[in-house]
Amino acid sequence: MNVTQDLSILSLITQASAVVQVVMALLAGVSFMSWYYIFRKLYAVKNARNQTEQFERDFWSGGDLNRLYQNAVEQRHDTGAMERVFEAGFREFTKLRNQKNLEAKDVVDGSRRAMRATYQREIDDLESHLAFLASVGSVSPYIGLFGTVWGIMHAFRGLSNVGQATLASVAPGIAEALVATAIGLFAAIPAVLAYNRFAHDIDRLSTRFESFMEEFSNILQRQMR
C-alpha cells in the first residue's frame with residue numbers, strides 16, 4: 001500500500017483507530033446540527049428584522065391604534081415580534097383603562113409590564129439555540145485535539161512493532177490523528193462566526209423593541225390625559 005493512498009482523506013478516516021473514529025463521528029454530528037441551527041436562525045433573524053421594519057412603518061405612519069390592534073389580533077400567527085409586543089401592551093391598556101379605580105400611571109405601568117413580558121418571550125425565542133452554537137465553538141477544538149492526541153499515541157505505539165521507524169510508517173498514523181483536529185476546527189469556526197453575528201443582530205433588535213416600548217408607553221400616557 002503506497003503512502004499516497006494511505007494519506008487520502010477517506011482512507012485516513014476509515015483506517016483511524018476506533019476512538020478517533022468516534023471523535024470524528026461526534027464532531028461531524030455536532031457540525032451538522034450547528035449548520036442546521038445556523039440556517040434556521042439566519043431565516044428567523046432576517047424574518048424578524050423585516051417584520052419589525054414593516055410594523056414600524058405602519059405604526060409611525062399615523063394610523064389608528066385600534067385598527068393596528070385589530071390587524072395584529074386577526075393576523076396573530078403571521079405578525080412579528082414587535083407587533084406582538086404592541087398587541088400585548090394595547091390589550092392590557094384597553095382592559096385597565098375601563099377600570100375606574102385605577103390612575104393613569106397604573107394603567108400605563110400595567111401596559112408596560114405586559115409589553116415587557118411579551119418582549120422577554122420574543123427575545124428568548126430569538127436567542128434559542130445560540131448557547132448550542134457557543135458551546136460548539138468553544139468545545140469542538142478540544143474534542144478534536146483529544147482525538148489527535150489519542151491518534152498520535154496510537155501511532156507511536158504501533159511503531160514498537162516496526163523494526164525501523166521511517167516517515168512512511170509514521171506519517172499515516174499522525175495524519176489520521178490530525179484529521180480529528182481539522183474536523184473540530186471545521187465545526188467550531190462557523191459556529192463562532194454565526195454566534196457572534198446572531199448575537200449582534202438580536203441585540204440590535206432588542207434595542208429597537210425597548211425603544212418602541214418606551215415610545216409607545218409615552219403615547220399611552222398622553223391618551224390617558
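Helices are DSSP runs of H or I with at least four residues, numbered from the N terminus. The exercises below apply this to a predicted model.

**Exercise 1. Place Asp201 in the fold, decide whether Asp201 is buried or exposed, and state which residues Asp201 touches.**

Step 1: Asp201 falls within helix H8, which covers residues 167–223.
Step 2: The cut-off for a buried residue is a relative accessible area under 20%; Asp201 has a value of 9%, and therefore counts as buried.
Step 3: When residues up to four places away in sequence are left out, Asp201 touches Val45 and Arg49.

**Exercise 2. Describe the secondary structure of the chain, and how its contacts are spread along the sequence.**

Step 1: The chain holds 8 helices and 0 strands, so that, read from the N terminus, its elements follow the order α-α-α-α-α-α-α-α.
Step 2: Of the contacts between residues at least 6 apart in sequence, 80% join residues at least 24 apart.
Step 3: The chain has 225 residues, and 39% of them are buried.

**Exercise 3. Find which residues UniProt lists under "transmembrane region", and examine the span 130–153 in the model.**

Step 1: The UniProt entry, which is unreviewed, lists residues 12–39, 130–153 and 173–195 under this heading.
Step 2: In the model, residues 130–153 are 100% helix and 0% strand, and the C-alpha atoms at the two ends of this span lie 35 Å apart.

**Exercise 4. Classify the ring pairs Phe55–Phe59 and Phe146–Trp150.**

Step 1: A pair of aromatic rings is described by the distance of the centres and the angle of the planes.
Step 2: The whole structure contains 17 aromatic pairs. In the pair formed by Phe55 and Phe59, the ring centres are 5.9 Å apart and the planes meet at 35°, so the pair is tilted.
Step 3: Both residues of this pair, Phe55 and Phe59, belong to helix H3 (residues 18–59), where they are 4 residues apart, about one turn of the helix, and both Phe55 and Phe59 are buried.
Step 4: For Phe146 and Trp150 the centres are 6.2 Å apart and the planes are at 40°, so this pair is tilted as well.
Step 5: Phe146 and Trp150 are separated by about one helical turn, because they are 4 residues apart in helix H7 (residues 130–158).
Step 6: Phe146, with 43% relative accessibility, counts as partly exposed, and Trp150, with 31%, counts as partly exposed.
Step 7: Ring pairs also join Phe55 and Phe59 into a cluster with Trp60, Tyr69, Phe86, Phe90, Phe93, Phe212 and Phe216.

**Exercise 5. Give the volume of the largest pocket, and work out which helices supply its lining.**

Step 1: The volume of the largest pocket is about 330 Å³.
Step 2: The lining of the largest pocket consists of 18 residues, of which Arg40, Lys41, Ala44, Asp125 and Leu126 are the closest to the centre.
Step 3: At least two lining residues come from each of H3, helix H5 (81–97) and helix H6 (104–126), and the largest share, 8 residues, is supplied by H3.

**Exercise 6. Judge the confidence of the chain, and find where pLDDT stays under 50.**

Step 1: The average pLDDT of the chain is 85, and 86% of the residues score at least 70.
Step 2: Over residues 1–6 the pLDDT stays under 50, and the model has 8 contacts beyond four places in sequence for these residues.
Step 3: Where pLDDT is low, the predicted coordinates should not be read in detail.

Definitions and conventions:
Residues are numbered from 1 along each chain as its sequence is written. This is a predicted model: local features need pLDDT of at least 70, side-chain atom pairs count only at pLDDT 80 or more; totals for chains, interfaces and linings use all residues. Side-chain values use heavy atoms; hydrogens and water are left out. UniProt positions are given in the numbering used here, feature names are shortened, and annotations may be inferred rather than shown by experiment. Buried means under 20% relative accessible area, exposed over 50%, partly exposed in between (1.4 Å probe, protein chains only). Contact means heavy atoms within 4.5 Å. pLDDT is the predictor's confidence in each residue, from 0 to 100. Rings of Phe, Tyr and Trp (its six-membered ring) pair if their centres lie within 6.5 Å; planes under 30 degrees apart count as stacked, over 60 as edge-to-face and the rest as tilted. On a 1 Å grid over the protein atoms alone, a cavity is a set of points where a 1.4 Å probe fits but cannot get out, and a pocket is an open set with protein on both sides within 12 Å along at least five of seven lines; lining residues have an atom within 4 Å of a point. Grid points are joined across faces, edges and corners, and a volume is the space filled by probe spheres set on the points.
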